[in-house]
Structure formats: structure tokens, C-alpha cells
Amino acid sequence: MFVLGLTGGIGSGKSAASDILSNEGIKVVDADVLSREPVQKGMDGLKEIEKKFGSKILTDEGQLNRKLLREIIFEDNEAKLWLEALLHPMIGKLIKNEIELSDSKYTLLVSPLLFETMQSNYCDQVLVIDVSKETQILRTTSRDNVSEEQVKAIIESQISREERLRAADFVIENESSLEEFKQEVLNLHHKILLQIDTKQ
């Protein structure tokens with residue numbers, strides 16, 4: 001199974017790209033969606049988090065208080081590293097299972113932290129959706145109703161734009177119209193299909 005990794009900074013247009021490919025019949029494995037599974041009520045991930053941070057980390061309904069956890073790991077790097085060491089292997093196993101179950105021409109693995117979490121190891125090639133920092137801030141503040149400072153903090157917590165671009169096999173810039181962006185994504189899709197057919 002050929003796996004194309006898809007990543008990019010916050011507000012770059014990863015979801016738009018994955019929607020385009022999903023409409024072409026490509027199976028999308030979303031690391032963000034899967035990352036919620038180990039921290040659901042009753043799951044091992046959540047039990048370990050509660051052991052570490054106490055019951056304050058749970059809401060009244062016994063769910064993970066994501067906002068509080070985000071605040072803790074933004075302020076405490078050791079806590080962040082502990083959480084990553086706990087959850088990344090669990091998420092990795094879920095990603096692997098999803099890829100193995102895929103029956104489309106190739107599989108798209110979408111992850112904002114593809115390189116940081118080594119999820120790129122599951123991929124044959126990687127597509128980076130690239131936009132300027134200014135565009136990231138503008139899009140994310142208007143989309144998520146968050147402050148510029150929060151967006152900048154998220155950008156800083158991810159690998160640099162330069163590192164991401166260096167590690168990419170393909171780069172699509174998403175600064176123009178949605179129509180142009182869609183065409184570029186589809187062009188790459190056909191290129192990959194051709195690549196797969198040639199190897200078979």
C-alpha cells in the first residue's frame with residue numbers, strides 16, 4: 001500500500017486538500033481524529049493522564065479537559081514530553097491499523113505533526129501544503145476565533161516552515177484561489193496514480 005503523508009502548518013489548508021482527495025475515492029487516515037481515541041472515557045490513555053495530573057484534568061462528566069491539558073503542556077515542557085511518550089505509540093498503532101485496512105488506490109495520512117511524531121515513517125512520500133506565517137495567522141484567527149498570540153504559540157510549537165519544506169517530496173502553495181489549489185492537488189493525485197501503476 002502506497003501511503004502519501006500530508007502535512008503543513010496550522011491554517012495551511014490540509015483539510016481542504018484531504019477533502020479533495022477523499023472525493024477522488026482515496027482513503028484518508030486522520031491522525032488528529034485518531035489521537036482522540038486513547039483519551040476517551042475508560043481508555044488507558046486517559047487513565048494514565050488522570051494518574052499523572054489528578055482528577056482536575058477531568059470534566060464533571062469524566063471526559064478529558066482538553067483546554068486545561070493544553071495549558072499545562074504549553075507551560076511545562078516536561079509534561080509535554082511525558083504526554084507525547086504516552087500517546088504517540090498508541091496513536092501510531094491506530095494509524096498502522098487504519099492503513100492496513102485501506103483498500104483505495106493509495107492512502108492519505110494527514111497529520112499536522114507528521115515529522116515531529118515520526119509518523120512520516122509510515123509514508124512513502126510526503127506532501128507539504130505551504131503558506132506564509134501571515135496567512136496562517138489570518139486564516140486561523142478568523143476560522144477558530146482565537147488570538148494572534150495563540151496562533152503564534154502553536155506555530156512555534158511545530159517544526160519550522162524551512163525544516164518542513166526540506167523534508168517534503170512535494171510542495172503545494174496555497175496562497176491563491178481554491179480552484180487553483182484544487183487543480184494542483186488533483187494534478188499531484190494523478191501523478192501518484194501513474195507512479196503506482198508504473199510500479200505494478
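Which element gives the largest share of the lining of the largest pocket? The answer is helix α4, which contributes seven residues, and the paragraphs below lead up to that pocket by way of the overall fold and the nonpolar cores. The model discussed here is a predicted one, and the values given for it are computed from its atoms.

The chain as a whole is a suitable place to begin. Its secondary structure comes to nine helices and five strands, and, read from the N terminus on, these elements follow the order β-α-β-α-α-α-α-β-β-α-α-α-β-α. The radius of gyration is 18 Å, close to the 16 Å that the globule rule gives for 200 residues, so the chain is as compact as a globular protein of that length. Taken along the principal axes, the box filled by the C-alpha atoms is roughly 55 × 40 × 30 Å. Of the 200 residues, 42% count as buried, and among the contacts between residues at least 6 apart in sequence, 72% join residues that are at least 24 apart.

From the chain as a whole, the description turns to its nonpolar cores. The largest nonpolar core holds 28 residues, and the members that touch the most others are I49, F53, I57, L64, L69, I95 and L109. Two or more residues of this core come from each of the elements α2 (31-34), α3 (44-53), α4 (66-75), α5 (77-101) and β4 (125-130). Among these contributors, α5 gives the most, with seven residues. One of the well-connected members, I49, can be followed outward: leaving aside its neighbours within four places in sequence, I49 is in contact with V39, G54, I57, L64, L69, W82, L83 and L86. A second core of 21 residues is separate from this one, and L6, V110, L127 and L193 are among its members.

Two single residues show how individual positions on the helices can be placed. H88 lies in helix α5, and with a relative accessibility of 25% it counts as partly exposed. Between H88 and E163 there are 21 Å in space, C-alpha to C-alpha, while the two residues are 75 apart in sequence. A153 belongs to helix α7, and A153 is likewise partly exposed, with a relative accessible area of 31%. The C-alpha atoms of A153 and I137 are separated by 11 Å, and these residues are 16 apart along the chain.

The remaining part of the description concerns empty space rather than atoms. Rolling a probe the size of a water molecule over the atoms shows where such empty space is left. The largest pocket has a volume of about 1800 Å³, and of the 46 residues that line this pocket, D32, R70, P112, L113 and I154 are the closest to its centre. The elements that each supply two or more residues of its lining are α1 (14-23), β2 (27-30), α2, α4, α5, α6 (133-144) and α7 (148-157), with the largest share, as the opening question anticipated, coming from α4. Sorted by class, the lining of the largest pocket has 19 nonpolar, 14 polar and 13 charged residues. Helices α2, α4 and α5 therefore appear in two roles, since each gives two or more residues to the largest nonpolar core and each also gives two or more to the lining of the largest pocket.The second largest pocket has a volume of about 160 Å³. Its lining is made up of G9, S132, K133, Q136, I155, Q158, I159, S160, R161, E162 and R164. Both α6 and α8 supply at least two residues of this lining, and α8 gives the most, with three residues. By class, the lining of the second largest pocket divides into two nonpolar, five polar and four charged residues.

Enclosed space completes the picture, and here the count comes to one cavity of 30 Å³ or more. About 40 Å³ of space lies in the largest cavity, and the residues that line it are G9, S12, I129, D130, V131, Q136, R161 and R164. Two or more residues of this lining come from each of β4 and α8 (161-167), and by class the lining consists of two nonpolar, three polar and three charged residues. G9, Q136, R161 and R164 line the largest cavity and are also found in the lining of the second largest pocket.

Technical notes
Residues numbered from 1 in each chain as written. Predicted model: local features only at pLDDT ≥ 70, side-chain atom pairs only at ≥ 80, totals over all residues. Heavy atoms only, no water. Core = buried A, V, L, I, M, F, W, Y, C linked by side-chain atoms within 4.5 Å. Buried < 20%, exposed > 50% of the residue type's maximum accessible area, 1.4 Å probe, protein only. Helix = DSSP H or I, 4+ residues; strand = E, 2+ residues; numbered from the N terminus. Contact = heavy atoms within 4.5 Å. 1 Å grid on protein atoms, 1.4 Å probe; cavity = no way out; pocket = protein on both sides within 12 Å on 5 of 7 lines; lining within 4 Å. Points joined across faces, edges and corners; volume = space filled by probe spheres on them. Nonpolar A, V, L, I, M, F, W, Y, C, P; charged D, E, K, R; others polar. Rg over C-alpha atoms; globule rule 2.2 N^0.38 Å.
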